[in-house]
Amino acid sequence: QVQLVESGGGLVQPGGSLRLSCAASGFTLVDRAIAWFRQAPGKEAKGVSCISAGGTVFEYLDSVKGRFTISRDNAKNTVYLQMNTLEPEDTATYYCATDLKRTCGGSYSSRGRGTQVTVSS
């Protein structure tokens, strides 16, 4: 059974940092692209970043460029999203998603439940 589990969210003050993890079980991430999305209450989900099976990174949100970094550790079957200099506008549920493909883009058939990130003083 394909399962993605996110962790690492929480409450952080503006300017703080968090590292989100997306751990896979039931399959290996090594041959898959993994994307991070976020969804704020009452708003549509937005793609944040994606990393291909080969390690190519795509950043989709101008507002997080230079602050968020996606990476993968295939040995741990985990993808990370390092988030620095967090702003209240980053508050959202963050979730990871994947599909049977090595490249980023298009739709993703599997996703985790998400982890809540709240940036507030």
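Strand 1 is joined to strand 3 (residues 18-25) by five bridges. The two strands run antiparallel. The structure described here is a predicted model. Within this pairing, Gln 3 has Ser 25 of strand 3 as its bridge partner.

Strands 1 and 3 belong to an open sheet of four strands. The order across this sheet is 1-3-8-7, and the pairing is antiparallel. Strand 1 (3-7) and strand 7 (68-73) form the edges, each pairing on one side only. On average, neighbouring strands in this sheet are turned by 15° against each other, with direction ignored. In general, the strands of a sheet pair through backbone hydrogen bonds, in either the parallel or the antiparallel sense.

A further set of pairings involves strand 9. This strand spans residues 92-98 and is mostly covered. Six of its seven residues are buried. Strand 9 pairs with strand 4 (residues 34-39) over six bridges, in the antiparallel sense. Here Ile 34 has Thr 98 of strand 9 as its bridge partner.

Strand 9 also pairs with strand 11 (residues 115-119). Three bridges connect these two strands, again in the antiparallel sense. Ala 92 stands opposite Val 117 of strand 11. Strand 10 (residues 110-111) is another antiparallel partner of strand 9, paired over two bridges. In this case Thr 98 stands opposite Ser 110 of strand 10. Thr 98 thus appears in two pairings: it is the bridge partner of Ile 34, and it stands opposite Ser 110.

Key:
Residues are numbered from 1 along each chain as its sequence is written. This is a predicted model: local features need pLDDT of at least 70, side-chain atom pairs count only at pLDDT 80 or more; totals for chains, interfaces and linings use all residues. Side-chain values use heavy atoms; hydrogens and water are left out. Two strands pair if DSSP finds at least two bridges between them. Axes are lines fitted to C-alpha atoms, for helices over the stretch in contact, and angles run from 0 to 180 degrees between N-to-C directions. Buried means under 20% relative accessible area, exposed over 50%, partly exposed in between (1.4 Å probe, protein chains only).
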